[in-house]
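Work through these exercises with the model open in your viewer. Try each task before reading its solution.

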Amino acid sequence: MTPLLTLALLCAPQNEIDPEIEGFRELTELVCMDCHRGSTDAGSTAAARMDFESALSAPGQHLELLTNAFAQVRQGFMPPADTPGGGFDDAERDEWIQGVRALTRDLEGAPAPATLRRMTRRQIKRTLRRLFGLDVPVERFLPRDASGYGFDTTGDTLFVTPLYYESWYECVDYVVGQLDAPETDGGFDLTAAALEDNEAAAASLRQFLMLAFSREATDEEVASRRELALDPDGDGWRDVVRATLLSQEFLYRVEERDDGYTLASRLSFFLHGERPGTELLAHAANGELDGPEAAAKIVDAMLADPASRSLAEDFATQWLGTSELRD
């Protein structure tokens, strides 16, 4: 089962309380609480800052924590065998998994919408490399991402201040200055000759915007950018690139739609640490992410891709608390 299908199952609302919740609570208190106690001490570890006590008392306010814990326990990463509480045997692991499902299913209504998040510095770097084939030194321009619950992908910390946006503007200027002409393996061609041809311009602009926004571009977006490119007082395709990268649709992960493109975006950010590429977006456009079997095959292929290394570089290092050594 894919992480997102797991999340959908985990958060599916139900009306009846499952009796397995009590067993889940007992296991959590016995095995998990020694390490995950919600400590606010300055020297506390990332594990200690995860507040299972609050999650048990108000699960609706801690769905992200429960979802992350669900994935870790289900895959056998947690709890470790040397846990003070003794870890889980197979029967206890199954009981815990069923209990957390029951606990979250009992919540009234749908889960609260996720906080709008911008891309992290590493996600921006990888996405720019995919778009333009450039290894952009984003760390020269953008501040280090803040951490929440031990991870730098927490929505509450990924906001944009005026100073951040000013730094991002300088980074975009750097990107534009490094481009001779934006014509890459992404399949778009924003050279002057291509943009002067109406049909070629529409196709190239649509492909560029799809890769930049992780969704289909609207006719208005395509038309406005072609007009921008052909403005005699402007800077041609450079204005198109600049306007697109400065758009909130690029900088933020807009995932409010319930479609294949949103699933493609979430899968790509989780497994590859960047916006989805041409192939994954094509799967979304063709409806190949709608069924669990087809989606599972695509996830397997994504995990086999070297880009899945980001799971170790981003998630695992922060989960284990070793990211500080890397940075």
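**Exercise 1. Salt bridges**

How many salt bridges does the count come to? Then follow the pairs formed by D314.

Solution.
- Step 1. Keep in mind that this is a predicted model. The count comes to 13 salt bridges.
- Step 2. Take R122 and D314. They form a salt bridge whose closest N and O atoms are 2.7 Å apart. R122 sits in helix α7 (residues 121-132) and D314 in helix α17 (residues 310-319), with their positions 192 residues apart in sequence, so the bridge links distant parts of the chain.
- Step 3. Check burial. R122 has a relative accessible area of 22%, so R122 is partly exposed. D314 has 12%, which is under the 20% cut-off, so D314 is buried.
- Step 4. Turn to R126. The side chains of R126 and D314 also meet in a salt bridge, at 2.9 Å from N to O. R126 belongs to helix α7 and D314 to helix α17, so this pair ties together parts that are 188 residues apart in sequence. R126 is buried, at 11% relative accessible area.

**Exercise 2. A bridge at the surface, and a network**

Are D135 and R129 buried, partly exposed or exposed? Find the distance of their salt bridge, then name the residues of the network joined by shared partners.

Solution.
- Step 1. The side chains of D135 and R129 meet at 3.3 Å, N to O, in a salt bridge.
- Step 2. D135 has 54% relative accessibility, which is over 50%, so D135 is exposed. R129, at 39%, is partly exposed.
- Step 3. Now the network. R122, R126, R309, E313 and D314 are joined into one network by salt bridges that share partners.
- Step 4. The general background is brief: side chains of opposite charge can pair when their charged atoms come close.

**Exercise 3. Nonpolar cores**

Which residues touch the most other members of the largest nonpolar core? Which helix supplies the largest share of this core?

Solution.
- Step 1. The largest nonpolar core has 52 residues. Within this core, L128, F132, W168 and L245 touch the most other members.
- Step 2. Helix α10 (residues 198-213) supplies the largest share, eight residues.
- Step 3. Another core lies apart from this one. The second core has 21 residues, including I21, F52, W96 and V100.
- Step 4. Compare with the chain as a whole. Of its 327 residues, 48% count as buried.

**Exercise 4. The surroundings of F250**

Is F250 buried or exposed? List the residues in contact with F250, leaving aside its neighbours within four places in sequence.

Solution.
- Step 1. Locate F250 in helix α13 (residues 248-251).
- Step 2. The relative accessibility of F250 is 0%, so F250 is buried.
- Step 3. With neighbours within four places set aside, F250 is in contact with M119, T127, L128, L131, W168, A212, F213, T244, L245 and R275.
- Step 4. Take L211 as well. The C-alpha atoms of F250 and L211 are separated by 9.3 Å, and the two residues are 39 apart along the chain.

**Exercise 5. Two loop residues**

Which backbone oxygen does the side chain of H272 reach? What is the phi of S214?

Solution.
- Step 1. H272 lies in the loop between α14 (260-271) and α15 (278-285). At 7% relative accessibility, H272 counts as buried.
- Step 2. The H272 side chain reaches the backbone oxygen of M302, at 2.8 Å.
- Step 3. Beyond four places in sequence, the contacts of H272 are R126, L267, M302, D305, A307, S308 and S310. R126 is the residue from Exercise 1 that bridges to D314.
- Step 4. S214 is in the loop between α10 and α11 (219-230). Its relative accessibility is 1%, so S214 is buried.
- Step 5. The phi of S214 is near 65 degrees, a positive value in a residue other than glycine. Most residues other than glycine have a negative phi.

**Exercise 6. Cysteines and the whole chain**

How many disulfides does the count come to? How many helices and strands are there in the chain?

Solution.
- Step 1. The count comes to zero disulfides.
- Step 2. C32 is buried at 7% relative accessibility. C171 is buried at 0%.
- Step 3. The chain holds 18 helices and two strands.
- Step 4. Consider contacts between residues at least 6 apart in sequence. Of these, 66% join residues at least 24 apart.
- Step 5. The chain exposes about 16,800 Å², with carbon and sulfur atoms supplying 50% of it.

Key
Residues numbered from 1 in each chain as written. Predicted model: local features only at pLDDT ≥ 70, side-chain atom pairs only at ≥ 80, totals over all residues. Heavy atoms only, no water. Disulfide = S-S within 2.5 Å. Buried < 20%, exposed > 50% of the residue type's maximum accessible area, 1.4 Å probe, protein only. Helix = DSSP H or I, 4+ residues; strand = E, 2+ residues; numbered from the N terminus. Contact = heavy atoms within 4.5 Å. Areas by Shrake-Rupley, 256 points an atom, 1.4 Å probe, with all protein chains shown as cover. Polar contact = N/O pair within 3.5 Å; in protein donor to acceptor, adjacent residues only side chain to side chain. Salt bridge = Lys/Arg side-chain N within 4 Å of Asp/Glu carboxyl O. Core = buried A, V, L, I, M, F, W, Y, C linked by side-chain atoms within 4.5 Å.
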